[in-house]
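Visitor: I would like to go through this structure term by term. Please tie each label to the value behind it.

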Amino acid sequence: MTRRRTLAHRYVEFVPKELDEGVLYVSKRFHTASHSCCCGCGSRVVTPLNPAKWRLTDHGETVSLSPSVGLGTFPCRSHYWIEHGAVEWCPEMTPAQTQRAQRCDERASRLHAGERVEGRWRWWTRLLLWLGLARK
Ligand SMILES: [Zn+2]
């Protein structure tokens with residue numbers, strides 16, 4: 001398998017079932033971008049476009065996606081950035097990085113959903129629970 005170095009983009013209403021390699025399909029209607037994993041493994045990578053997930057920047061000829069695409073839960077463990085239509089490869093994700101990314105993801109999703117995350121309060125509650133002073 002060869003790692004892809006470039007990615008073209010295509011605006012579509014519906015993302016097709018069969019994805020062409022090297023094409024980032026952007027559906028504005030469904031606020032998602034989809035592509036076939038740039039390592040060539042054929043995995044379908046779906047990146048939701050919303051403030052808690054990914055942001056797509058259209059430069060006209062090319063697009064950028066941020067943050068990076070980290071496929072730590074895929075067998076290939078690919079990790080890359082899509083910058084101005086170029087695929088910038090990062091080292092493979094370690095299990096620890098994957099876990100951290102998932103935690104960040106959950107937190108961002110909660111924040112996006114309008115739920116308040118009171119870090120200090122939660123920490124305090126956990127301590128009280130641990131001391132047996134509070135109930136769940
Ligand atoms: Zn892959």
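Visitor: Leaving aside its neighbours within four places in sequence, which residues is Ile82 in contact with?

Guide: This is a predicted model. In it, Ile82 is in contact with Leu7, Leu24, Ser64, Leu65, Val69 and Val87, once neighbours within four places in sequence are set aside. A pair counts as a contact when the C-beta atoms lie within 7 Å.

Visitor: What makes Ile82 a residue to pick out in the largest nonpolar core?

Guide: That core has 13 residues, and Ile82 is listed with Leu24, Cys38, Leu65 and Val69 as those that touch the most other members. Membership requires a buried nonpolar residue joined through C-beta atoms within 7 Å. Strand 2, strand 6 and strand 7 are the elements that give two or more residues to this core. Strand 6 provides the largest share, three residues. In soluble globular proteins, nonpolar side chains tend to be buried together.

Visitor: How much of the protein chain is buried?

Guide: Of its 136 residues, 15% are buried. The cut-off for that label is 20 or more other C-beta atoms within 10 Å.

Visitor: Why is Thr57 called exposed?

Guide: Thr57 has 12 C-beta neighbours inside 10 Å. The label applies at 12 or fewer, so Thr57 counts as exposed.

Visitor: Where does Thr57 lie, and what is it in contact with beyond its neighbours within four places in sequence?

Guide: Thr57 lies in strand 5. With neighbours within four places in sequence left aside, Thr57 is in contact with Val63 and Ser64. Thr57 and Glu83 are 26 residues apart in sequence, and their C-alpha atoms are 9.2 Å apart in space.

Visitor: What makes strand 6 and strand 7 a pair?

Guide: At least two bridges are needed for two strands to pair. Strand 6 (residues 63-70) and strand 7 (residues 79-83) are joined by three bridges and run antiparallel, so the requirement is met. Gly70 stands opposite His79 in strand 7.

Visitor: How do you know that strand 7 and strand 8 pair as well?

Guide: Four bridges link strand 7 to strand 8 (residues 86-89), in the antiparallel sense. Trp81 has Glu88 in strand 8 as its bridge partner, and Ile82 stands opposite Val87. The hairpin of these strands has two residues between them, and His84 takes a positive phi near 50° there.

Visitor: What is the strand order of the sheet that includes strand 7, and why do some of its strands count as edges?

Guide: The order is 5-6-7-8 in an open sheet of four strands, with antiparallel pairing. Strand 5 (55-58) and strand 8 each have a single partner strand, so one side of each is left without a neighbour in the sheet. Neighbouring strands of this sheet are turned by 25° against each other on average, direction ignored.

Visitor: What is the pairing in the sheet with the order 1-2-3-4?

Guide: The pairing in this open sheet of four strands is mixed. Strand 1 (8-12) and strand 4 (44-48) stand at the edges; each has a single partner strand, so one of its sides lacks a neighbour in the sheet. The twist averages 20° from one strand to the next.

Visitor: Which bridges place strand 3 between its partners?

Guide: Strand 2 (residues 23-27) is joined to strand 3 (residues 32-36) by three bridges, running antiparallel. Ser27 has Thr32 in strand 3 as its bridge partner. Four residues lie between the strands of this hairpin, where His31 takes a positive phi near 50°. Strand 3 also pairs with strand 4 in the antiparallel sense, over five bridges. There, Ser36 is matched with Arg44 in strand 4.

Visitor: What is the pattern of elements along the sequence?

Guide: The protein chain comes to two helices and eight strands. Along the sequence the pattern reads β-β-β-β-β-β-β-β-α-α.

Visitor: Which element has the lowest mean pLDDT, and which the highest?

Guide: Helix 2 (residues 119-131) has the lowest, 64, and strand 2 the highest, 98. The mean for the protein chain is 86, and 85% of its residues reach 70 or more.

Technical notes
Residues numbered from 1 in each chain as written. Predicted model: local features only at pLDDT ≥ 70, side-chain atom pairs only at ≥ 80, totals over all residues. Axes fitted to C-alpha atoms, helices over the stretch in contact; angles between N-to-C directions. pLDDT = per-residue confidence, 0-100. Contact = placed C-beta atoms within 7 Å.
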